[in-house]
Amino acid sequence: KRAARKRERGMLLVRLVAAVAILMILSAVAVQNWSDVLRRDREADMMFRAQEIVRAIRKYQRDKPGAPLTELKLLMEPGSKRQFFLRKLYTDPLVKDGKWGLLYAAPQGGVYDPSTEGGPEGAGQPGAPGTPGAPSLGGPTAGMTTPQTAGPALTAGGLGQAGEITGLPIVGVKSLCKEQPFRVYKDNEEYGKWLFTV
């Protein structure tokens, strides 16, 4: 009888350990799936916010054709018809500090992305003239007066303290997130190549 009871206790312990192991595996999978769901939501939110900023930049350019946009916070000031270009200065939900990578109008046309290698002439830059997805910078951005400063330069590691972009108006934003995105946006599979511009 004692041997049978010991055997039963041993089997019960084995079952209990197996059940706990299975529960731990299932909970780990659930946590991973939940974190993926949250990051997918943040990715969609980032795209929405970036597109809202671009819409606000377009409105700003139409309302103030001779005044280049040198800081995003200018979008929260009322325009000539007392309408706000942007009611909230959106942050990037994919990065902890919420900072966007700023994109500028290159002197030769196209888009200058300070976080990539190369000069502000736009040669070899994503969105530069002659490259796929190059935006048109005519209309409100054409003939803009050059501002004194356009804010801090961006480096590959984020917002840099040294060096400044001068004379280039802001024409868009991009995420500085280094993780792998879930979506493919305009044939690009890296957040750093998702350029949201006018």
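**Exercise 1. Salt bridges**

Seven salt bridges are counted in this structure, which is a predicted model. Work out which parts of the chain are tied together by the pair Arg183 and Glu43, and state how exposed each partner is.

*Solution.* Begin with the geometry: the side chains of Arg183 and Glu43 meet in a salt bridge, with a distance of 2.6 Å from N to O. Next, place each partner in the chain; Arg183 lies in the loop between E5 and E6 whereas Glu43 belongs to helix H1, so the pair ties together parts that are 140 residues apart in sequence. Finally, consider accessibility, where buried means under 20% relative accessible area and exposed means over 50%. Arg183, at 33% relative accessibility, is therefore partly exposed, while Glu43, at 0%, is buried.

**Exercise 2. Two further pairs**

Find the salt-bridge partner of Arg49 and that of Glu190, and decide for each of the four residues whether the side is buried or partly exposed.

*Solution.* For Arg49 the partner is Asp45, and the closest N and O atoms of this salt bridge are 3.1 Å apart. Both residues lie in helix H1, where they are four residues apart, about one turn of the helix. Arg49 has a relative accessibility of 16% and so counts as buried, whereas Asp45, with 28%, counts as partly exposed.

For Glu190 the partner is Lys193, with the closest N and O atoms 3.8 Å apart. Glu190 has a relative accessible area of 43% and is therefore partly exposed, and for Lys193 the value is 43%, so that Lys193 is partly exposed.

**Exercise 3. The sheet**

Determine the order of the strands in the four-stranded sheet, name its edge strands, and locate the bridge partner of Leu102.

*Solution.* The sheet is open, its strands follow the order E2-E1-E5-E6, and the pairing is antiparallel. Strand E2 (111–112) and strand E6 (196–197) each pair on one side only, which makes them the edge strands. Turning to the pair formed by E1 (residues 101–105) and E5 (residues 170–174), one finds that these strands run antiparallel and are joined by four bridges. Within this pairing, Leu102 has Val173 in E5 as its bridge partner.

**Exercise 4. The nonpolar core**

Identify the residues that touch the most other members of the largest nonpolar core, and then the element that contributes the largest share of it.

*Solution.* The core holds 36 residues, of which Met46, Ile53, Leu72, Leu75, Val173 and Phe196 touch the most other members. Two or more residues come from each of helix H1 (2–63), E1, E2 and E5, and H1 provides the largest share, namely eight residues. To see the surroundings of one such residue, take Met46 and set aside its neighbours within four places in sequence: its contacts then include Asp92, Pro93, Leu94, Trp100, Ser175, Tyr191, Trp194 and Phe196.

**Exercise 5. A lysine in a strand**

Is Lys174 buried or exposed, and which backbone oxygen does its side chain reach?

*Solution.* First, locate the residue, which is in strand E5. Its relative accessibility is 4%, so Lys174 counts as buried. The side chain of Lys174 reaches the backbone oxygen of Gly192 at 3.1 Å. Gly192 also appears among the contacts of Lys174 beyond four places in sequence, together with Trp100, Gly101, Leu103, Asp113, Ser115, Trp194 and Leu195.

Conventions. Residues numbered from 1 in each chain as written. Predicted model: local features only at pLDDT ≥ 70, side-chain atom pairs only at ≥ 80, totals over all residues. Heavy atoms only, no water. Pairing = 2+ DSSP bridges. Core = buried A, V, L, I, M, F, W, Y, C linked by side-chain atoms within 4.5 Å. Buried < 20%, exposed > 50% of the residue type's maximum accessible area, 1.4 Å probe, protein only. Contact = heavy atoms within 4.5 Å. Salt bridge = Lys/Arg side-chain N within 4 Å of Asp/Glu carboxyl O. Polar contact = N/O pair within 3.5 Å; in protein donor to acceptor, adjacent residues only side chain to side chain.
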